[in-house]
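Student: Could you take me through the core and the charged pairs of this model?

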Amino acid sequence: MYASSRERITGLVILAFSVLWIVAVWQTIPAGTPGTVGPRAFPLVLGGALALMACILIGRTFRPVQHSADSDMNSDENAGPAADGYVNLWMVAALFITVVVYGFAMEKIGFVLSTLLVVPAVMILILRIRSWQRIVGMAVGLAFGCWLVFGKILGAYIPPGIWISLF
Amino acid sequence: METLNVALGLITSPNALLAVVVGTFIGLVFGSIPGLTFTVALALVLPITFALDATPAIALLLSTYIGGMTGGSVSAILLGIPGTPSAAATVIDGYQMTRRGQASLALGTAVIVSTFGGLISLLVMILSIEFVAKMALRFGPAEIFALVLFGLSTICGLSGKSLLRGMIAGLIGLMIMTIGLDEIDGVQRLTFGTITLQQGVNLLVAMIALFAVPHIIQAFVTYYMGREMPVRAADVNVELPRWQDLKSNFWLAIRCALMGTGIGAIPGTGGPIAAFLAYAHARKTAKGKPPVGKGALAGVVAPETANNAVTGGTMIPLLALGIPGDPATAIVLSGLLIHGLVPGPMLFIEHPDTISAVYFIVILAYIAVLLLQLLGIRFFVQMLRVPAHLLAVGITVMCCFGAFAVRNSVFDVYTMGVLGVLAYTLMRARIPLTPIILGLVLGPTLEREFRTALILSEGDPMIFVSSVPAVIFLTLAALVFAMPAWRMLRKSKSLEVAKNAQVQPRKNS
């Protein structure tokens, strides 16, 4: 019996990342004064160590699995259900886009307005919630609740917005 | 005696008492919400102290610090997202307890042991401030490097079943923290010429990304697939730990309190290191079912006792030497300086009443924390009744706002998004996230102290073995790294032997 191909892919991705890291570090960070541990040393060593770990991870996928000693290969500690593949991809992409759009909107039109727009968008487009009471309640509650508690009562800085600044 | 009376008079004034209550409440609120943290709370209350007298000002700052340190456990336990870096270790067992319907027990225990740890550290501080300050003063870069390396070795205990994946995760965390300006030479590292990347990756933003974003994605996926389980109100009750539970974890709490105090006394270390070391200690020593790592009470007791014990420990170099141990105590130091109180040996001579007032403030703050949390647990637990997907929407808003609030920078929001996606991908690839946090927390200190030590020794690596504390920490770190690997090797060999034994009889028959 052999370990899953997912393990091999994980190892290859990590190896590729560590090689890119090493190249980027070597090309962009100066070595520093000769004879001293300069700014390049740590990132380089870490990249090398990660590449080594990735090679070990890949190497282990080419030997038969012994259930007890290699139990980590079969560990389901952090794995989710395999059937959620496309749903996971969609949610990752959706949340990433949400965070980027929200951050951009927060800077341009302020926290309150951006929250009033983004929360309904998330609930309707991602979660497919159709109850308008929940959508309005969540949007208004979060926007004005945060504005009141953090902005007015606790005095935290609430981004006002560059293009539109209503609150 | 007269000093104590004067101090008691100062701290029992209405302004000082109000400052303790308000500061504790603000600290608890900010500490509970991922991304806001007590450092932000301290930065916000600092201007308020300008208008106050010295004692209420110190009371407000210290209470906010203490409230915030304790508050981090609330979201760590209820939501699986640490409110502060110090509460990261509490997530491991605390959140599992919540999923088993024991949220109230976990919270109640965290409150009580936090208070216990804080008061023990205060007692140790009072008894040993001068002696411990001298010890801490002797810890140079080599010793701190060795201690931090030992702290990193706890990755072995936090890696679950796979040491290799845990080390990969730890390395990723260390690598992320090298991005930005080099602390020693001021050189740009992997910033690709952009000003925004010069800021580097903020630790708090990374914490939110690693804990909150995968949680949000998972909550959305679970809801989308129709697998969301409603939380029954009857499952959630107010529950303080039984006397038996406290008794069985008493000596663990004492050891972790002393550990936290000692680590807090060393500048540059602090809550997260204390919490993880205490957690690793509990994992090795605590007995009973379930084991630590699977939702055990000891897994909450250890880190919460230790991280709150740090508060007393950090006061030692702060008051005795004027050295802040972390950003939070740096703000407290600013508050002292604003009111003409210069920490150092002279503070003990010129303002002994202030030192005594600090002791009373810490006691009152922990009493306030205990009461506010015990009275507020019913409210905190109600958060569980909110459907997980709606809570996730709220968390998305809070996290984006929290990430922005750290440095008033939208770049941090984008960073949170990128790291969050990375975290979820790693989680799906069965790479544990907890060691990443350790790498993030300890990376800057590890590199800085290593390079500083070599600068001081003019490149001679023998500096790392030239002092007893450094040798002890390095030896312990080597043992902790080597033991799991050796155990795995032994298991492999014994399996090989067993396999051969099975094959042999078949050949003979």
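Tutor: Questions and answers on those two topics follow. This is a predicted model, where local features need pLDDT of at least 70 and side-chain atom pairs count only at pLDDT 80 or more, while totals for chains, interfaces and linings use all residues. Residues are numbered from 1 along each chain as its sequence is written.

Student: Which helix gives the most to the largest nonpolar core?

Tutor: A nonpolar core is a set of buried Ala, Val, Leu, Ile, Met, Phe, Trp, Tyr and Cys residues joined through side-chain atoms within 4.5 Å; buried means under 20% relative accessible area, exposed over 50%, and partly exposed in between (1.4 Å probe, protein chains only). The largest such core has 193 residues. With 14 residues in it, the helix that gives the most (helices are DSSP runs of H or I, at least four residues, numbered from the N terminus) is α11 of chain B.

Student: How many residues apart in sequence are the parts that Asp182(B) and Arg451(B) tie together?

Tutor: The two form a salt bridge, with their closest N and O atoms 2.7 Å apart; the term means a side-chain nitrogen of Lys or Arg within 4 Å of a carboxyl oxygen of Asp or Glu. Asp182(B) lies in the loop between β1 and β2 of chain B and Arg451(B) in helix α21 of chain B, so the pair ties together parts whose separation in sequence is 269 residues.

Student: Is Asp185(B), another partner of Arg451(B), buried or partly exposed?

Tutor: The side chains of Asp185(B) and Arg451(B) meet in a salt bridge of 2.8 Å, N to O. Arg451(B) is buried at 2% relative accessibility. Asp185(B) has 42%, so it counts as partly exposed.

Definitions and conventions
Chains are lettered from A and ligands numbered from 1 in the order in which they are written. Side-chain values use heavy atoms; hydrogens and water are left out. Helices (H or I, at least four residues) and strands (E, at least two) are DSSP runs, numbered from the N terminus.
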